[in-house]
Amino acid sequence: MARQLDTRQRAALYQILLVAAICLVGWYFIRNAVDNLLARRIASGFNFLFREAGFEIGESTLISFSAADSYLKALTVGLLNTFRVAFLAVVFSTFIGVAVGLARLSPNWLLAKLASGYVELLRNIPLVVQLFFWYAVITESLPAPAQALHPLPGFFLSNRGLAIPTIVTLLPLEVEYPSLSGFNFSGGVVLSPEFAALLLGLTLYTAAFIGEIVRAGILAVDRGQYEAAQSQGLSQAQLMRLIILPQALRVVVPPVTSQYLNCTKNSSLAVAIGYPDLVSIANTTINQTGQAIEGIAVIMLVYLTISLAISAAMNVYNQRIALRGART
Amino acid sequence: MTIATTTLARAVLLFVLPLASAQAGPTADGALKKGFIQCGVNTGLAGFAQPDSNGEWRGIDVDLCRAVAAALFGDAKKNRFTPLTAQQRFTALQSGEVDILSRNTTWTFARDAGLGLNFVGVNFYDGQGFMVTKKRNVKSAKQLNGAAICVQPGTTTELNMADYFRANKMKFKPVVIEKLEEVLNAYFTGRCDVFTTDVSGLVAVRAARATNPTDHVILPEVISKEPFGPVVRHGDDHWHDLVRWTLFAMIEAEELGLTSKNIDQQAQNTNPVVQRFVGATGDFGKMLSVDNRWAYNIVKQVGNYGESFERHLTPLGLDRGINKLWNKGGIMYAPPLR
């Protein structure tokens, strides 16, 4: 007498078994890690986050940091630095990517070939090599602070970065100008060569990929749309802006979401050229406290949250531009 | 032999062999089984651990690992080297990827007590210093306010530097790059004003990588104590003893005047201290579960502490300083081998 389960019950049973198996494996790993940590008397837990960091950070966005602050604050500084470079890289690479994609489809032979060359070159060289290249170019071609370039009043360009005057108060207008004192410029805001190299490298690299995606999106639009637009008397610019690009967008948005996520995660290569992003600071924290598992967990959690947030936002946008009535 | 006899012989061997190595701990057993010791070293620091033009690792940290192999296997060549950055080194040892960490690692409280590791001794007493280009005309570290300083992450260097500048009410901008090659590039191209690490590292870097070594000056201030020593994991007392007494044997050999060149004729010496050292009398090898000639093998195949220092660090311009023997004006001291 065999007990017959119908399809739905069987499916439910398999799913329950799978979840149970995953939980069992997860429990085993956690148990193993905890036992080993205890056996070797390695500290665990997140209390280290509130201890004094003891190290300085080269640059920080919005908040100030000193060696007397906690590890938690150091990680926050790293996070804000990551946001700064990832956000700007994503925005700039989108603009440049669209331009490159359009250029590659241009009837102008030279423009199309240049764009193709750009894409092929940048897609095939590993990103970390490109970052080293830009960092070397920036630090070696710019002069020392004592011989800094002075393009505009208050702006100084040297191998320590671009020093920019900042507005201290708006009314009355009070501006803080950077000035050379001793070793470096003090006052004003300094855009470091590490930040510049990372931003440049990330932007150009991601733009190459986005360019190809944009090209694919434009090619995916039906030939009939071009003919219909021309028969309506629309100019080339109007054709692109009003007809082709909005339809191309539907094809373009999902892969470009992936590229945004890649760009954000690639910003963790900052540790190779000295930009203090989240991974760089978390690595230092792990090394000083010895708590590798907690540190890596923090890094993973942060990147997971950022990635899910970007995906969610892009999916909402995707829904809005989808064809009504077409497959959801 | 009949089947029964061979089975009996095998059973007896199975009982006897484990007993013979029962005193040895898991790390030594693992190494014996593998046939070599996995040694964690620097990725490339002249004088301490650096591959030469033939790919052979050379340096005083490398010599210590070779000495442990000489003690355990009787063959100093039974080593494999894992280059580790400052950030990877402790995790590599904690996880079992390497058996010893011999990587110019500073012995600190937090590392000894908080990481599940043990420092077995000091093979080099050092301190942290600063290197600037001579053009800057800087005579003292107290003039470094506002400087951009190149440093590697995850080191006591980063922390000491922050403490020193805080204590002296000065500010600085750290440029923190992980790979030694890249951080040196940043210093030599002028991205930073100052490079900071242990004085031995500064001397090695200046000698090996500066296009013109006289263009760079090492400032007189030594801002910290940096005792370097080999590190092993908690929980294996035998391995701890073996590595510790390997280091002590090298120091003791220099004190007794035994070198790799004269150890063979010195082995005939009737001095009871020398006799004990080379294993002609006593059972010291057995206490460490190694051959009785363990100390002789170390000196014959690797050399004593002074030879190792002179071979690797003296050519870089490093003076022995406090790394001389205790009875010659320094603080290198080994407990008696008896």
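I took two residues to be in contact if their C-beta atoms, placed from the backbone, lie within 7 Å. The model is predicted.

**Entry: confidence**

I noted an ipTM of 0.76 and a pTM of 0.77 for the model. For chain B, I found an average pLDDT of 89, with 93% of the residues at 70 or above. Among the elements of chain B, I recorded the lowest mean pLDDT, 55, for helix α1 (residues 3-20) and the highest, 97, for strand β5 (residues 100-101). Over residues 16-22 of chain B, I read a pLDDT below 50, and this stretch has two contacts in the model beyond near neighbours in sequence.

**Entry: helix α9 of chain A**

I looked up helix α9 of chain A, which covers residues 278-289 and reaches 16 Å from its first C-alpha to its last. I noted that 12 of its 12 residues are buried, so the helix is largely enclosed by the rest of the structure. Within chain A, I found these buried residues packing against α2 (71-104), α8 (270-273) and α10 (292-321); from chain B, α4 (89-95) and β10 (172-176) also pack against them. Just after α9(A), I noted a positive phi of about 80° at G290(A).

**Entry: nonpolar cores**

I found 153 residues in the largest nonpolar core, where the residues touching the most other members include L198(A), V68(B) and V194(B). Helix α5 (residues 193-219) of chain A gives the most to this core, with 14 residues. I then listed the contacts of V194(B) beyond four places in sequence, among them F130(B), L144(B), I149(B) and C150(B). I also recorded a second, separate core of six residues, including L162(A) and F185(A).

Methods: Residues numbered from 1 in each chain as written. Chains lettered and ligands numbered in written order. Predicted model: local features only at pLDDT ≥ 70, side-chain atom pairs only at ≥ 80, totals over all residues. Helix = DSSP H or I, 4+ residues; strand = E, 2+ residues; numbered from the N terminus. Expected span 1.5 Å × (residues − 1). Buried ≥ 20, exposed ≤ 12 C-beta atoms within 10 Å, placed from the backbone. pLDDT = per-residue confidence, 0-100. Core = buried A, V, L, I, M, F, W, Y, C linked by C-beta atoms within 7 Å.
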